[in-house]
Amino acid sequence: MHIPENYLSPSTCAITTAAMLPVWGCAIKRVREDVPQEKLPLLGVAAAFCFLSMMFNIPLPGGTTGHAVCGTLVAILFGPWAAVIVVSVALAVQAFFFGDGGILAFGANCLNMAFILPMVGYSLYTLLKRHLKGERGELVSAAIASYLALNAAALAAALEFGIQPALFHDAAGNALYCPYPLSVSVPAMLLGHLTVAGFAEAGFTVGILAFLRSTAPSFGLTEKNEPSGKTSVAIFSLLAVLIAACPLGLLATGDAWGEWGLEDLSVQVGYTPAGMDGGWEWSALLPDYAVGSLPAWLGYVLSAVIGVSLLVIIFRVAGALAKPRPSFD
Amino acid sequence: MPKLEKQGQLPSWLTQEEHYQPTNDRDGFIARSALSISSALARLRLDGGAETPLSPSAPVKLLLALACLLLVSLARNYLFVLIVLAGVLVRACLLPRAALLRVVTTSLSAALLALVIMLPAILLGQPHSALGIAGKTLTCSGIAMETALSTPPAELTGALRKLGMPNVLIMTLDLTLKSIVRLGEVALEALSALRLRSVGRNQHKDLSMGGIGGVVLLKAAEAAQQTHDAMRCRGFTGSYDMPHSWRPRAIDLVWLCLLAVLLAIFCYLQGLIAP
């Protein structure tokens with residue numbers, strides 16, 4: 001679901017980024033008001049969960065791959081506005097350091113995965129939770145909400161891909177950017193996400209939520225006290241297990257839909273879209289989570305360690321730099 | 001002696017009304033110096049590292065840090081720097097908040113400075129060499145800061161002796177570490193005194209810096225001499241003897257094994273041994 005560089009026209013990228021600017025502004029304001037300063041570092045751990053869940057590639061029908069995002073999970077734990085910030089920062093680290101998702105398409109990717117996904121997921125979760133009571137009801141609500149939210153985000157990405165050939169094409173009718181129209185992009189994206197990736201998102205969300213509720217109930221905004229040492233050990237153990245298991249994501253070979261290289265795309269459609277040929281490319285430090293000549297699985301683990309550590313450090317530093325708010329309770 | 005007009009009256013010079021208005025002076029120079037010394041002192045007093053069961057003992061930690069610094073500096077393969085950087089980032093995640101801030105700000109500043117110095121390389125079409133140097137600087141600064149912040153000074157001097165450093169070097173370091181905070185306070189007091197005594201416009205404040213420096217130097221010499229005398233009175237013969245009972249712990253052996261693995265990776269990536 002990470003839209004790469006040059007698949008969207010520069011004007012589409014500009015509009016989606018402009019649309020996200022007030023969202024980010026509002027999210028920062030709401031996080032400063034709603035999330036206590038001592039809980040800010042936990043957002044880094046939540047971002048690490050998002051980052052790792054996006055590394056588990058799952059084979060989808062049609063030979064492509066997909067992944068979970070865990071945006072609904074973060075929205076349930078810390079609120080939807082915190083989820084906007086958390087998923088945006090995780091996407092930024094993926095784009096800048098690992099070349100996963102384009103820099104120009106960063107606004108579009110954030111619109112889909114950091115705004116639409118957590119907002120839809122959290123709204124559905126609160127709606128369902130009113131009718132489904134108890135601990136089991138919470139998990140069922142989280143599962144349904146996360147499944148539908150991922151599909152909503154996939155639909156948004158499919159629409160962004162699909163409008164490109166209609167809006168941007170040359171005199172011969174050849175697309176300048178993404179060559180697949182809505183009639184192809186929407187079914188292709190939704191088929192994989194409705195059948196497999198949505199269930200993976202629900203599985204990740206419910207699994208991690210159940211684990212956190214039983215072993216680390218203070219991880220989130222429901223309890224005011226800071227996580228104890230035992231809680232921290234449980235959370236970091238879960239992160240370590242996920243890092244160790246992330247090479248499983250390499251078992252799914254093939255690219256995600258809409259994330260092919262230019263050569264592969266040219267072979268598929270029979271021509272090279274003019275706007276994509278010679279377009280701007282960001283040279284990431286560790287492209288595609290691969291580290292030089294290291295075996296793919298080792299490179300994947302090393303990338304996961306670097307990504308998770310960076311996210312934890314970014315949010316801990318942000319928490320330390322945030323101005324303390326006096327409490328008059 | 002002033003001449004009195006009559007017995008019991010005030011002297012004439014005392015009865016005259018004063019119209020002296022000292023001109024306003026900018027004391028930003030003193031304030032900035034005082035502030036920077038205060039912040040440096042606050043940083044020196046920082047006790048960043050709480051020892052965990054997984055921490056190696058101080059000599060092993062110092063050995064690990066020195067080996068990592070050497071290997072990162074010698075590495076021609078950027079992959080090795082990335083592997084060490086991953087370890088540095090993981091350690092930074094576990095530091096207390098204040099220590100983490102210092103590691104991040106210092107390391108990033110050093111890396112940025114390296115990038116600026118290497119700017120001509122980027123302009124001449126060699127961005128990789130500039131990024132390589134900046135990455136190495138970031139990693140090395142991170143290693144040095146994390147080691148310094150997570151090891152108490154007394155353990156650091158003990159570790160240096162264990163690694164065979166000369167006694168004179170350790171004594172100099174020991175005395176410096178012990179008296180640097182006190183000397184900072186002396187400098188701060190001297191600056192406050194200068195600020196209080198500086199009435200009116202003073203165009204030559206920089207000349208006073210020499211005085212403050214001199215006072216601090218004299219105090220430093222005095223403090224070092226007194227500390228050294230006190231140490232001799234308590235039986236110090238000039239040599240730092242380590243207790244023979246020190247033995248590596250089990251966790252130290254694990255860390256040394258990790259260092260051996262790192263060395264093997266370094267040799268492999270440098271092409272010193274066949275794959």
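**Figure 1. A:Asp288, a partly exposed residue in a loop.** With 13 C-beta neighbours inside 10 Å, A:Asp288 counts as partly exposed. This is a predicted model, and everything shown in these views should be taken in that spirit. A:Asp288 sits in the loop that runs between α9 and α10 (296–321) of chain A. What is the sign of its phi? It's positive, near 60°, and this residue isn't a glycine. For context, most residues other than glycine have a negative phi.

**Figure 2. A:Asn6, another non-glycine residue with a positive phi.** Here phi comes out near 70°. A:Asn6 belongs to the segment before α1 of chain A. Is A:Asn6 buried or exposed? It's buried, because 23 other C-beta atoms lie within 10 Å and the cut-off for burial is 20 or more.

**Figure 3. Helix α1 of chain A and the helices it packs against.** Helix α1 covers residues 10–34 of chain A, 25 residues in total. At 1.5 Å a residue it should span 36 Å, and its end C-alpha atoms are 35 Å apart, so the two values agree. The buried residues to look for in α1(A) are A:Thr12, A:Cys13, A:Thr16, A:Met20, A:Ala27 and A:Val31. What do they pack against? The partners are α4, α5 and α6 (134–167) of chain A. One of those partners, helix α5 (residues 106–131), has the highest mean pLDDT among the elements of chain A, at 94. At the other end of that ranking is helix α9 (residues 262–269), with a mean of 82.

**Figure 4. Helix α4 of chain A, largely enclosed by the rest of the structure.** Residues 80–98 make up this helix. From its first C-alpha to its last, α4(A) reaches 26 Å, close to the 27 Å expected for its 19 residues at 1.5 Å a residue. Why call it enclosed? Because 16 of the 19 residues are buried. Right after the helix comes A:Gly99, with a positive phi near 65°.

**Figure 5. A:Val86 and its contacts in the largest nonpolar core.** That core has 140 residues. Which residues have the most contacts inside it? They are A:Cys50, A:Val74 and A:Val86. Zooming in on A:Val86, and skipping its neighbours within four places in sequence, you'll find contacts with A:Leu43, A:Ala46, A:Ala47, A:Cys50 and A:Val74.

**Figure 6. A:Phe78, buried in helix α3 of chain A.** The helix covers residues 71–78. A:Phe78 counts as buried because it has 25 C-beta neighbours inside 10 Å. Leaving out residues up to four places away in sequence, A:Phe78 touches A:Val35, A:Leu43, A:Ala46, A:Ala83, A:Gly220 and A:Leu221. A:Ile144 makes a handy distance marker: it sits 66 residues from A:Phe78 along the chain, and the two C-alpha atoms are separated by 19 Å.

**Figure 7. Helix α3 of chain B and its packing partners.** This one covers residues 58–74, 17 residues in total. Its end C-alpha atoms are 24 Å apart, which agrees with the 24 Å it should span at 1.5 Å a residue. Which residues of α3(B) are buried? B:Ala58, B:Pro59, B:Val60, B:Lys61, B:Leu62, B:Leu64, B:Cys68, B:Leu71 and B:Val72 are. They pack against α4, α7 (127–149), α8 (153–162) and α11 (250–270) of chain B.

**Figure 8. Where chain B touches chain A.** In this view, 12 residues of chain B are in contact with 14 residues of chain A. On the chain B side, α4 (78–93) and α5 (97–117) each supply at least two residues. α4(B) gives the most, with eight. What are the residues on this side like by class? There are 11 nonpolar residues, no polar ones and one charged residue.

**Figure 9. The two chains, for orientation.** Chain A has 10 helices and two strands, whereas chain B comes to 11 helices and zero strands. Buried residues make up 51% of the 329 residues in chain A and 21% of the 275 in chain B. The C-alpha trace of chain A spans about 70 × 45 × 40 Å along its principal axes. Its radius of gyration is 20 Å, which agrees with the value near 20 Å for a compact globule of 329 residues. Mean pLDDT for chain A is 87, and 96% of its residues reach 70 or more.

How values were computed
Residues numbered from 1 in each chain as written. Chains lettered and ligands numbered in written order. Predicted model: local features only at pLDDT ≥ 70, side-chain atom pairs only at ≥ 80, totals over all residues. Helix = DSSP H or I, 4+ residues; strand = E, 2+ residues; numbered from the N terminus. Rg over C-alpha atoms; globule rule 2.2 N^0.38 Å. Buried ≥ 20, exposed ≤ 12 C-beta atoms within 10 Å, placed from the backbone. Contact = placed C-beta atoms within 7 Å. Nonpolar A, V, L, I, M, F, W, Y, C, P; charged D, E, K, R; others polar. Core = buried A, V, L, I, M, F, W, Y, C linked by C-beta atoms within 7 Å. Expected span 1.5 Å × (residues − 1). pLDDT = per-residue confidence, 0-100.
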